[in-house]
Each structure stands twice: as structure tokens, then as C-alpha cells.
Amino acid sequence: MKLAKSHAISLLGLTGTPIEVEVDISAQLPAFVLVGLPDASLNEATSRVRAACSNSGFPLPSQKVLVNLSPAAVPKSGSAFDLAIAVGVIAAMGKIPAAALEGVCLIGELGLDGAVRPVLGVLPMCLAARRAGFRKVLVPAANYAEALLVEGITSVRAVSLRQVVGFLLGTAEDEGALTSPTIEPMPATDARVTGASNRDLRDVVGQEEAVEGLIVAAAGGHHLSMIGSPGSGKTMLAERLPTILPVLDQEQALEVAAIESIAGGISFANPLNLEPRFHAPHHGASMAAIIGGGVGMPRPGAASLSHGGVLFLDEAPEFNSNVLESLRQTLESGVSVIHRAAGVASFPARFQLVLAANPCPCGHFGSIAKECVCSYVARRRYGAKLSGPLRDRIDIRLDVKPVRNLSRLAIDGHSVDSASALARVEIARAAARERLRKSGYTRNSQVPGSVIKAQFNPGKTALAQLDRQLLAGKTSMRGYDRCLRVAWTIADLAGANVPTAEHVAQAVSLRGPDQMIGVA
Amino acid sequence: MTTNDLQTLVRSLLVDEDEMLTGSDGLTEVTAAVVFSHLAEPGDRFMGALQEAVGFGAALEILTSGKDIKAAASALPSDAAHELADIFRTDIQILWRNALERWAPRLDQADILGSLRQAADLGANVLTRESVLFPNGMADLGHGMPAVLWCKGNSEMLSAEFPVAIVGTRNATRYGAEVCADLTQTAAEHELVTVSGGAYGIDAIVHQATLNAHGNTVAFLAGGLANLYPKGNLGLLERVAAHGLLVAEQPPATTPAKWRFLMRNRLIAAMARATVVVQAGKTSGALSTANHAISLDRPVGVVPGPIDSPHSVGCHDLLNNHPGQVRLIARPSEVLELAGISVWGPSAAPSLGILERRALDTFSAGPLESWEVQRLAGLTVRETQIALGSLELSDHVTRVGARYVRTTT
């Protein structure tokens, strides 16, 4: 037998395409040729496969080995095809019957000694394998926990090329179970319950206003901006937002796990982590780092990694304006879309945005303790970095001030802790979900202004004051909409059926002026 | 044909019979008023003066008695005759002769009966000055007040508290159309009744925008209710009749004519609390409405336009020629102020609550941050947020960055 076929998966974004690996061995000058649109990284597979095969007891014949990855038009990249190519070659040498490779998908990188090494993206590959109708998927033992998240397909630990061939021939059981350290699939856990996260809202002292605002933001899923001088506790507050967000549902957790699988951030021990993620990319981060991209296989960026959780941009005006502007589209669609000549990769990215900024470049504008040294122009420019359309998507603005009144620390005992705040948030979210069910939204922050005014209008009495402001041109229509959204969340938190004038007034306090920072 | 037939028909056209027929000879008077609306052209001051002196009933009786001019003039009570002569500075006999020459050709009972039947077929109503629904503002027209109003639609709109007239050129530009729709919508949303003339351009937009906002709108017609004009607005005027109100001064069969348009404008100005001219060329009819409003001491507002636009020349001239009487409309809400609804007044801004009062009292000269307000006022965080938000909304404080400044004292 000089011709054999094995199967692998090629990923673009989260979408996997089944790839047929055809191997032909023919009597020509000895060579190992890989065709079918492999990129440079994939072409290296030939050297690894040759070494791994001979070191596993299957030396390649002194003939021409031709490997075709089909469909040839799909661009392929990375080292995850190694195992499928090696097994295909060995089958073409007549060592594995064709029937043994039917319905089997092979994923893994090979070491020169034949060891199967972990690769990125095993979870989405397994999902694609199941969708393509494979019965079995062989994955690197280190990625086994991810593969186990996919039900309806048998996953097998691959430890070495030798063991894989043995397994396919039926002479060895799932040998990995014996030879590798036992990796049991972990039950889905919420890290907070087990105490893995030691952050708590209780740590925040003397910032009652900000904490209240944070709870409103969590309850409505509102994007949030925090303005305050350095050291006022913006980062501390932002880090605690995930602790008062409801846990991810299974579907969302799987999406996050798949993203992390591709990005390489997945926990081998606990792949299905229900805890909302928190990512705080540095302000020097590139577009690829935030939105996604990169050379070869597009990788998800921080926006997607924060899916279902919190994306925190500290020193937001210092970010590259391209990056901030491209976030706008992501905020709107909830998807990061990366266009490549080869195709379009998309990653889910429905995160809660938290922007933090100083009041001015030096950070002391409006401060009593230190004098601001920034010129008016510098302040304006700083504020203008956050464009109007981006600001429009941010419902809540918090002014965070350094705690300078020590007497305020005395009420430490009364600080809100994350558990009780989370309980309030969950009740408010349930109320919003129930109300919005028919409209197809789940959180107040998602409801467009037109819908909220038409279907969820709190009525003239509650809005009388706000209406006057709008009429007098003191509030923009967008500011008005923001206010309505936040007022609904405040009402949900208060257990009210409909926002009252008081809720609207509090929303106005939380909404802040349309102009964000820098100019007073 | 008897007077009884006439009275029965008139009675069937009344909206609020009881109100109008209280007097002993109420129906006679009302019927006479309806007859006079067939005889006199709009703004016939002699008719008005005659009514004031002796009443429609008595006037009609003398008119139909077949007396010659001298006898008719002397049939008037002597003090009434003197009064009329004084008003018009003319001999009463000459006045009477002129009136008779105007009115007698139209005094045909069969024609009038036919006209009343036509009105009944149209579903129209008649409103006399005695009706509670009759617009109070009409009284300012003095002797020029119409004898009756012929209505089709919801005549209760006539007695609205804050009617506002929005008028302008038939050749509205895109700017004018948009501004007009804006103003109208603002007025309609605040439950003002909009009043206009049913013409093309600005008038049509006023009616249309009001109907779109589910508001109340009144169109005053130059012709009768059976002669809706212009024909291109037929559909719109029918919708106004269905959801608003069509009003005419003269019987249904009256044809619209140029002088009637000008006289019709006085009714728009008189009924409305305020008149706004959105766009008007140098000779636009809207200027006549505005001038009527000015002579009636009604507030007039004009919407400014580009100074090189012929469609706004009239507006700008109004503003220049009547300093202090005509006001520039700089934003939609000013229409409400013009009509007497104070946007900032006590009716719109509720008095401060205890929370707001406490928070406001903490402000002295300088700006305060919210935590300072909270401490000084002794409030909770939530209470402070509510109080400051509410004070910001009611313009008692403004927000400057993270701080609040008191704006009123």
C-alpha cells in the first residue's frame, strides 16, 4: 500500500475545517514534499515527522513521500498537523490499515523523539471534529482536559507516536492513561466559591460613591469610565468588578474556553472556568493585542479574552487612537472580526468595558493637594482622545477621589462586600432579563435608545426634569438615552417596577457630563 | 319655508344646545346669527356693531320687515342709532343703506335652508358666540368678531387653553420644513393645540406634524367647509377633520377668495395665544397673520433664516419693524414660552424636596465635590446622588468636571 489518508483540523478563528492528509509514497528520488497551501511554520513539519518516525521505529523509505493537505485551497498553519502527517506516512508504508483511520481525527505536534506535544486550539478543533462527524479524536495528553469538554466524541490521549500507532492497531489501549500523569477532567467550578480569588469589594475603603456606581454598572452591564488622579484607587475598583458579576453560563464558559484554547491562556487543570475574566492590557498594546490578529493563524485579542468579563483599559487616553476606535465596532457587535486575505476570523467579544483616565495628562487637574501644570490645550487634547462615539457607549462615569479624609476610613466595618453586592446584582439582572425577555435583550445596557423610549418609557412624571433639559438643549439625545438605561438599572436594584424621578436623578449623577475629561 | 324649519335645522347643527339656548329667545338669536353669517362678508364691522347695539335677532327682524331705509333706520332704538353713527362717523341712514345693499341680495331663505342642509350632510356644526367652546380670544376682534364658526371635527379644541398659531410661506424650504416640524412637535408634545391655515408649505407641515405626534390641530379655512382648499391638501384636511378640527367663518358653500384668506388670518391670530412665523417672503400671507396678532397684542415669534434667503425676509422685517413686540425663536422650547407655558416656571419645575434643599444649602461660594456635599449635608451616598442629580436637572447646580457649582441663589 503506497497511498493512505488521515485527518486533521485547520482553524481560522474559532471555525475549524476538516483536512484530509493524503500521503503517497512513490519510487522516485528520496524526498519529503508537503503540498496544499502550508505556510512556513507548517512546512517545518516534514523535518519533525521524518525524525519522529525514525525515532519511533518507523524509518521512512528511501523514496519520495508526497503529502497533500486537502482541500488545498484552505490556508493551513502551525504544528498541529504533525501527528496526522506522521500517522498518514506510516499508514502509506503499510503499517496501519486504512480502516483504522476511518473517522479518526489526529491533533498534535511531534517532538523529534516521537512525543506528542500540546498545541493551541484543541478545544475548538474538537468542536469542529465533532461537527464534521468524526468518532474519535486523538489529542495531546496535555490538552486532554480541553477535549473532554466536548461531548459526543471519544477523545483519546496521545502521548507518543508509538503509542498512537499501537492504539490505532488495537494492540495498545488508551496507553496514555497509564504512562502520563493522570489528568482527571475537572468539574466546572466557580473560583470564587473555592476562594481562589482573594479580591473583594470589602477591600475598597472610603469610596462609597464609586462602589455604588460599580454595583450599578455590574447590574446593568453598563460600560464604565473612571476619572481620578493617580492613586485614587481606579485599578483597585476595576479589578473588583468581576467579583460582583454573575458567573458565566455553560455556553459562554465554553466560548471563553475555546478562545483561551487558541490564545494559549487556558488552564489545563480547569479549562471550563465559570469566573468572569478580567484583562487589563497595557496602554502600549497594539491593535492585534486588543482586537486580535497576529502573524499566521489570527489570535484572539484582549477584547475576546475578556468575553463575558471585564476589559480594563487603564490610562485610556494613552492608548493608540486606532485601537480605541476599533474597539467601538467590537462594542457594538460583540464580535472581534479579523480580516485576512485568507479569510475572515471572528471571535466573540461581549465584554464590559472599564476605562480609567486621569483628569489631565499630569493627573492633578481639579485636585486641591497639587497644582495641575497642564495647559488648556493639553487637557483638551487628552480628553479628545476618547472620541464622542466611544463615549456614547459608556453609560456610567465615576469620579474617583483619593481618600484623604481618614475619618471616612472609620466606617470600614460598613463596607459592602462582594458577596452581598453580587446578590443584589443577580436579583437586578433577573428583573431586567424578565422585563426584556420579549425584546430579545438580557441587560439594560444592550437596549438601544429608540427601544427604551418606545417600550420601556418610565413616563412623564419620572422624566419631567430630564425632558426639560433635553428641550433646553442641555442634554443630548444620547445623554438622555444613557440616563434612561441607567435609571432602569437603578430601579431594578431598588426592586421597583418602573424608574421614579429619584432613580432618574441618581442616574444623572452617575452619568456625568457628556464631556468626559480634560476640560472644565 | 318657515322660520320654524330654519330654527329646527339650526338647532340640529348646534354642538352644545343647552349652553346657547338659555335665554328666553336664545334660539331666535342663534338662528339670526347663523343667517347673518350667510349675509355678511368676514369682518363686516357694521354687523358686529349692530349686533352689539340691538342683537342679531332684532337686527334680522328689521332687515326682514321689508321697511324702507328710513323706516328701518328709525326702527333702531335711538341710542343704538346714535352709537352706530358715532362709531362709523356716518349718518345711520347711509350706514343702513350700504348694509342693505350688501346683505339683501343674499337674504334668500331657500338658499339659507339649503346651506344648512348641506352643513348637516357634511357633519358640520355651528358654534355661536354664546357657546362655552367659542374661543375667548375672538372677543378681542371687537366688531370684527365672526357671527358664528362653522366647525367640522372636535370643536372642543377651540376652547383649548394654549393654542399656538404656526404659520408661514407656502414655498417652504427644506430648512423651514424641518424647523416647522420641530416646533410643531415640541408644541404638540406639550399638549398645545396648533392652529394654522391648511395651506401648502408651512401650514400643511404644522397640521401633519401635529397629527403625527397625536396632537390637536385646528385649520382655519378661507372658504366654506364644503370647499376644502387647496385641493392638493384634501387628504390632509380630511384627516384634520377626523382627528382635529376644521373651522370656517362662512357657510359651507362659500368659495375661497383672496380677501377671505386675509380675513381668515385674523381668526388664526385671535384664537391663538401666540403666533409663530416660521418662514415668510416679503409678501407672504403669514405676515398678515402676524400683523393681526401684533394689533391684537398677542406675542409673535419669528424663526430666523439666512439673510440672503427670500423665504425669510418677511420674518426678519417683522422683527425689525416691531422691536419689543416680535421675538426671535432661538430654540423649539421658546414656542412654549411664547404661548405662555413657562418651561422654567414653577408649573414645570416642582419645588425642591428636603434632600435637594439640604444639599443645596451646603453650597456657599465655591464649587463642591459630591463627597463634600454628602458630609456637609449629612446624607447617605445614595441620597447625595439623588439630590445632586435632581439639582443638576433643575439647573440649581452645574457640574464642572468632578465638582458642582451652584447656579442660582
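# Chat about helix crossings, sheets and the A–B contact

Me: Hi! Let's start with the helices: in what hand of crossing does α11(B) pass α12(B)?

Reply: Left-handed: that is how α11(B) passes α12(B). Keep in mind that this is a predicted model.

Me: Noted. At what angle do α11 and α12 of chain B pack?

Reply: About 45°, with the axes of helix α11 (residues 202–212) and helix α12 (residues 234–243) of chain B 10 Å apart. Angles from 65 to 115 degrees would count as roughly perpendicular and those under 35 as roughly parallel, and α11(B) and α12(B) are therefore oblique to each other.

Me: Which residues make that contact?

Reply: From α11(B) come B:A204, B:H207, B:Q208 and B:L211, and from α12(B) come B:L236, B:R239, B:V240 and B:H243. By class, the contact of α11(B) with α12(B) has 4 nonpolar, 3 polar and 1 charged residues.

Me: Switching to the two chains. How many residues does each one give to the contact?

Reply: Chain A gives 24 residues and chain B gives 24 residues. On the side of chain A that touches chain B, the elements with two or more residues are α9 (208–220), α20 (460–471) and α22 (501–511). The largest share there is that of α22(A), with 7 residues. That side of chain A is made up of 11 nonpolar, 6 polar and 7 charged residues.

Me: And how do α22(A) and α19(B) cross?

Reply: Their axes come within 7 Å and cross at roughly 90°, α19 being residues 381–393 of chain B. That makes α22(A) roughly perpendicular to α19(B). The residues of α22(A) in this contact include A:E502, A:A505 and A:L510, and those of α19(B) include B:R382, B:I386 and B:L393. The contact of α22(A) with α19(B) divides into 7 nonpolar, 5 polar and 3 charged residues.

Me: On to sheets. What is the strand order in the open sheet of 3 strands in chain B?

Reply: β10-β12-β11, with antiparallel pairing. β10 (368–369) and β11 (397–400) of chain B each have a single partner strand, so they stand at the edges with one side lacking a neighbour in the sheet.

Me: How many bridges hold β10(B) to β12(B)?

Reply: There are 2 bridges between β10(B) and β12, which is residues 403–406 of chain B. In one of the pairs, B:L368 has B:Y404 of β12(B) as its bridge partner.

Me: What about β18 in chain A: which residues point which way?

Reply: A:I396 and A:L398 point one way and A:R397 and A:D399 the other, and all of them are buried. The strand β18(A) runs parallel to β10 (residues 224–227) of chain A, joined by 4 bridges. A:L224 has A:I396 as its bridge partner in β18(A).

Me: One more residue: where is B:L133, and is it buried or exposed?

Reply: B:L133 lies in the loop between β1 (125–128) and β2 (148–153) of chain B. A residue needs 20 or more other C-beta atoms within 10 Å to count as buried, and B:L133 has 19, so it is partly exposed.

Me: Which residues does B:L133 touch further off in sequence?

Reply: Leaving out those up to four places away, B:L133 touches B:V15, B:D16, B:L127, B:S155, B:E156, B:L158 and B:S159. B:D16 is 117 residues from B:L133 along the chain, yet their C-alpha atoms are separated by 8.5 Å.

Terms used. Residues are numbered from 1 along each chain as its sequence is written. Chains are lettered from A and ligands numbered from 1 in the order in which they are written. This is a predicted model: local features need pLDDT of at least 70, side-chain atom pairs count only at pLDDT 80 or more; totals for chains, interfaces and linings use all residues. Two residues are in contact if their C-beta atoms, placed from the backbone, lie within 7 Å. Ala, Val, Leu, Ile, Met, Phe, Trp, Tyr, Cys and Pro count as nonpolar, Asp, Glu, Lys and Arg as charged, and the others, Gly among them, as polar. Two strands pair if DSSP finds at least two bridges between them. A residue is buried if 20 or more other C-beta atoms lie within 10 Å of its own, exposed if 12 or fewer, and partly exposed in between; C-beta atoms are placed from the backbone. Axes are lines fitted to C-alpha atoms, for helices over the stretch in contact, and angles run from 0 to 180 degrees between N-to-C directions. Angles under 35 degrees count as roughly parallel, over 145 as roughly antiparallel, 65 to 115 as roughly perpendicular and the rest as oblique. A crossing is left-handed if the near helix is turned anticlockwise from the far one by less than a right angle, and right-handed if clockwise.
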